[in-house]
Amino acid sequence: MNFFRQFASNLVKGPVPGDAAGEGGPDTPSDAELVNRCQEGDYSAFDALVTKHRGRVYAMIQNMVRNEADSWDLAQEVFLKVWKALPKFEARARFSTWMYRITHNVVYDWMRKRKLETAGELDDNLLDREAIAAGAQATPARMARPDEALSQGELRANIEGALEKISPEHREAILLREVQGLEYKEIADVMDCSIGTVMSRLFYARKKLQSLLTKS
Amino acid sequence: MKTDRKEELLTRWMDDGLSDEELRELEPVLTEHPELHEERADYARLREELRTAVSSEIEPPFPDFFNSHLERLVREEGRGVDKTRRSEGAFNRLWIWWMAPAAAAAVVMAFLLGMKSAQPVNQGGMVDAAAGSGVYSPFAEVSTEVILDRESDSTLLVVEGLAPLADTDLVVGEGFLDGEHGYFVKTEKVY
């Protein structure tokens, strides 16, 4: 029982606060400081980086793959790759952008593997809402009133349904721009494409989303 | 205007990101398609709804275990340990989702059942294994054994197959529950 109580407590507590830019607050070391310490072999600095960014990485993966258990495994894989690649990381890009790039690679590798496993057929598990883990939806930072909860639940279901219907590239562009708040150039770096392609993906993704939500 | 350029300008217009010069460049398109103004207002609302509905941060389940499991992977990586276990996705998931609470349950059950049967109320001193002590474990890979030693007046319960536990994870107390004597294990922070 205590285990579940602690688990529930962790859910209620929610993610560790942190800004997208990775700048630390007065008592929080910045990403750059933590990365420097990691590169000197300080694992506690890496643990702090993981704690600071795991919520964003997990949310990004969860919103892409729509499966809680796979998201957990993939988030572990992302941070393992981050740890292995940290010695080569140069501060030309923001740490968070670089981390999203690794997340992008891990998610697309997983999608390719899933596609091969299903012999190119559409993977129903990716679309079947019944297959989504019970706790897959975002954890609210506060408890909503019942009427708010109903309306937010409907809104979330509609938006998640629409996001599932657009292509992974369009979904990722929307998530990186509108949810994670990245600049166009950063999205291009993460998705390994030109800014023009990012613009095009955002243009069509927005149109498609509007169209789907109008229908629903 | 070329399609690519039009898409770029419209995308940035939706984000309020156009300079005056770019806005002038886009003006003919907006004049030709006045419905774009309504689309832009609609999308501004959709953007707010999107940010409300889709979280930018979600703590992974078992966040502390997330870090400790990752640390184990990193250390295995450093030692060049064969990570075939990690590639066994189904087992890995079972381990994550069921082993942690089940391990805690196994420890509790093992202590309670083992100790209760090994040291009945009012009996005093230790009884030997032949007295019929038994330990329940829900997993075949978790083995349990009760070792009773009269000479040292102690009972040792061995549970093998669980993830390593820190000494601080277990706080053993002794007392009565429903009139029966037993030993208790605090399972907070047991993963």
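# Notebook: a predicted two-chain model

**Entry 1, chain B overview.** I started with burial in chain B: 21% of its 191 residues count as buried. I kept in mind throughout that this is a predicted model. Next I went through the secondary structure and found six helices and four strands in chain B. Reading from the N terminus, I get α-α-α-α-α-α-β-β-β-β, with the helices ahead of the strands. Then I looked at sequence separation. Taking contacts in chain B between residues at least 6 apart in sequence, 48% join residues at least 24 apart.

**Entry 2, an odd phi in chain B.** I went looking for backbone outliers and stopped at B:D16. Its phi is positive, near 60°, and the residue is not a glycine. Where does B:D16 sit? I found it in the loop between α1 (3-14) and α2 (20-32) of chain B. Buried or exposed, I asked of B:D16? I counted 8 other C-beta atoms within 10 Å, and the limit for exposed is 12 or fewer, so B:D16 is exposed.

**Entry 3, chain A overview.** Over to chain A, where I find ten helices and zero strands. The order from the N terminus is accordingly α-α-α-α-α-α-α-α-α-α. For burial, I have 38% of the 216 residues of chain A. For contacts between residues at least 6 apart in the sequence of chain A, I noted that 67% join residues at least 24 apart.

**Entry 4, the core.** I then pulled up the largest nonpolar core, which has 57 residues. Which residues have the most contacts inside it? They are A:I61, A:A75 and A:I187. I also checked which helix gives the most to this core: it is α3 (residues 43-65) of chain A, with eleven residues. A general reminder to myself: in soluble globular proteins, nonpolar side chains tend to be buried together.

**Entry 5, helix α3 of chain A.** Since α3(A) gives the most to the core, I spent some time on this helix. I see 18 of its 23 residues buried, so the rest of the structure largely encloses α3(A). The helix also bends, by about 50° at A:H53. Right after α3(A) comes A:R66, and I noted a positive phi there, near 60°.

**Entry 6, α3 against α5.** I looked at how α3(A) packs on helix α5 (residues 95-117) of chain A. Their axes come within 11 Å and cross at roughly 35°, and the crossing is right-handed. From α3(A), I listed A:H53, A:V57, A:M60, A:I61, A:M64 and A:V65 as making the contact. From α5(A), the partners are A:S96, A:M99, A:Y100, A:T103, A:V107 and A:W110. By class I get nine nonpolar and three polar residues in this contact, with no charged ones. Two names come up again here: A:H53 is where α3(A) bends, and A:I61 is one of the residues with the most contacts inside the core.

**Entry 7, α3 against α2.** On to helix α2 (residues 31-39) of chain A. The axes of α2(A) and α3(A) are 7 Å apart, with a packing angle of about 140°. I noted a left-handed crossing for this pair. A:D31, A:L34, A:R37 and A:C38 of α2(A) meet A:A45, A:F46, A:A48 and A:L49 of α3(A). How do the residues of this contact divide by class? I have six nonpolar, no polar and two charged.

**Entry 8, helix α9 and A:I187.** I picked up the trail of A:I187, another of the residues with the most contacts in the core. A:I187 is among the buried residues of α9(A), a helix that spans residues 184-191 and is mostly covered, with six of its eight residues buried. Along with A:I187, the buried residues are A:Y184, A:E186, A:D189, A:V190 and A:M191. I see them packing against α5, α8 (168-179) and α10 (195-215) of chain A. Leaving out residues up to four places away in sequence, A:I187 touches A:A173, A:L176, A:R177, A:L182 and A:V198.

**Entry 9, the residue after α9.** Last stop: A:D192, just after α9(A), with a positive phi of about 55°. Like B:D16 in my earlier entry, A:D192 is not a glycine. I placed A:D192 in the loop between α9 and α10 of chain A. I counted 11 C-beta neighbours inside 10 Å, so A:D192 counts as exposed.

Notes. Residues numbered from 1 in each chain as written. Chains lettered and ligands numbered in written order. Predicted model: local features only at pLDDT ≥ 70, side-chain atom pairs only at ≥ 80, totals over all residues. Core = buried A, V, L, I, M, F, W, Y, C linked by C-beta atoms within 7 Å. Buried ≥ 20, exposed ≤ 12 C-beta atoms within 10 Å, placed from the backbone. Contact = placed C-beta atoms within 7 Å. Axes fitted to C-alpha atoms, helices over the stretch in contact; angles between N-to-C directions. Left-handed = near helix turned anticlockwise from the far one by under 90°. Nonpolar A, V, L, I, M, F, W, Y, C, P; charged D, E, K, R; others polar. Bend = angle between axes of the 7 residues up to and from the residue.
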